[in-house]
Amino acid sequence: MPSSFAARTRGLVRDEAQERAAELLVAGGWRGLRLQDVADGIGVSRQTLYNEFASKQGLAAALVLRRTEEFLGELEAALDGEDDLYRAWSSAVRTTLDTTARDPLLRVLLTGQGAEELLPLLTSEAEPLVAAARDRAAAFLTRRRPGLDAATTTAAAEIAARLTISHVVLPLHPPDVVADQIATTVVRYLDRA
């Protein structure tokens with residue numbers, strides 16, 4: 001029992017720390033996020049946060065991954081909500097773009113304003129994000145087109161994830177255009193497989 005209680009308590013500290021960190025990031029950017037403020041806000045010591053996350057960057061990475069998991073649930077629903085493969089991908093990309101546009105935490109992370117240190121979590125250090133999106137999308141493709149081999153579904157899913165993240169970080173076209181381009185790319189890639 002004690003280890004179950006300790007694990008539950010640890011999980012609550014992680015959740016509360018991430019929620020408080022998100023509030024601080026939205027309010028003051030990266031420079032406005034201090035582990036001492038997070039610790040004070042949730043009633044634990046700063047050392048407790050260091051033990052849990054190792055650093056401010058570790059807390060931010062955990063927060064990004066947590067938000068990604070929540071978002072990927074929305075992505076799966078968008079993919080599964082359409083019967084046509086093109087419309088499914090287009091809907092998923094649109095969901096991604098709409099979510100990032102309206103989510104204040106993601107806006108802070110993606111604009112780089114006061115959060116330059118966080119941009120690598122979505123660019124050069126984005127492997128966990130890309131892998132999570134790729135794996136969920138590949139599972140969708142496996143369900144939708146069971147005859148495709150795993151390498152093809154994984155490649156198509158990764159292409160879609162990387163293209164979408166690239167547009168989120170550096171938008172060059174309207175969301176509808178991007179959704180069409182990515183959906184067309186994925187469908188054509190799968191049709192040639």
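# Reading an all-helix model

Along the sequence, the protein runs α-α-α-α-α-α-α-α-α.

User: What am I looking at, and how are residues numbered?

Analyst: This is a predicted model, where local features need pLDDT of at least 70, side-chain atom pairs count only at pLDDT 80 or more, and totals for chains, interfaces and linings use all residues. Residues are numbered from 1 along each chain as its sequence is written, and side-chain values use heavy atoms, with hydrogens and water left out.

User: How many helices and strands are there?

Analyst: Start with the rule. Helices (H or I, at least four residues) and strands (E, at least two) are DSSP runs, numbered from the N terminus. Here the protein has nine helices and zero strands.

User: How much of the protein is buried?

Analyst: Buried means under 20% relative accessible area, exposed over 50%, and partly exposed in between (1.4 Å probe, protein chains only). The protein has 193 residues, and 41% of them count as buried.

User: What about the surface that the protein exposes?

Analyst: Accessible areas come from the Shrake-Rupley method with a 1.4 Å probe; for residues, only the protein chains shown count as cover. The exposed total is about 10100 Å². Carbon and sulfur atoms supply 53% of that area.

User: How do I read contacts between residues far apart in sequence?

Analyst: A contact means heavy atoms within 4.5 Å. Take the contacts between residues at least 6 apart in sequence: 67% of them join residues at least 24 apart. Alanine 21 is one residue to look at. It lies in helix α1. Alanine 21 counts as buried, at 1% relative accessibility. Leaving out residues up to four places away in sequence, alanine 21 touches Leu33, Val38, Leu59 and Leu63. Its C-alpha atom is 8.7 Å from that of aspartate 37, which is 16 residues away along the chain.

User: What counts as a salt bridge, and what is the count here?

Analyst: A salt bridge is a side-chain nitrogen of Lys or Arg within 4 Å of a carboxyl oxygen of Asp or Glu. That rule gives 16 salt bridges. One of them pairs glutamate 52 with arginine 14, with the closest N and O atoms 2.8 Å apart. This pair links distant parts of the chain: glutamate 52 is in helix α3 (residues 46–53), and arginine 14 is in helix α1 (residues 2–28), 38 residues apart.

User: Are glutamate 52 and arginine 14 buried or exposed?

Analyst: Glutamate 52 is buried, with a relative accessible area of 17%. Arginine 14 counts as partly exposed, at 25%.

User: Which salt bridges does arginine 66 form?

Analyst: Arginine 66 meets aspartate 15 in a salt bridge (4.0 Å, N to O). Arginine 66 lies in helix α4 (residues 56–80) and aspartate 15 in helix α1, so this pair ties together parts 51 residues apart in sequence. Arginine 66 also forms a salt bridge with glutamate 70, the closest N and O atoms being 3.6 Å apart. Those two are four residues apart in helix α4, so about one helical turn separates them. Shared partners join Asp15, Glu19, Arg66 and Glu70 into one network.

User: How accessible are the residues in those two pairs?

Analyst: Arginine 66 is partly exposed, at 24% relative accessible area. Aspartate 15 is partly exposed at 36%, and glutamate 70 is partly exposed at 40%.

User: Why can buried residues of a helix share a side?

Analyst: An α-helix has 3.6 residues a turn, so residues three or four places apart point the same way. Now take α3. Its buried residues are Leu49, Glu52 and Phe53. They cover an arc of only 75 degrees around the axis, so they sit on the same side of α3. The arc is that of the directions from the helix axis to the C-beta atoms.

User: Which residues touch the most other members of the largest nonpolar core?

Analyst: A nonpolar core is a set of buried Ala, Val, Leu, Ile, Met, Phe, Trp, Tyr and Cys residues joined through side-chain atoms within 4.5 Å. The largest has 30 residues, and Leu79, Leu85, Trp89, Phe140, Leu141, Val186 and Leu190 touch the most other members. At least two residues of this core come from each of α4, α5, α7 (127–144), α8 (150–169) and α9 (175–192). The largest share, seven residues, comes from α9. A second, separate core of 19 residues includes Ala21, Trp30, Val38 and Ala39.
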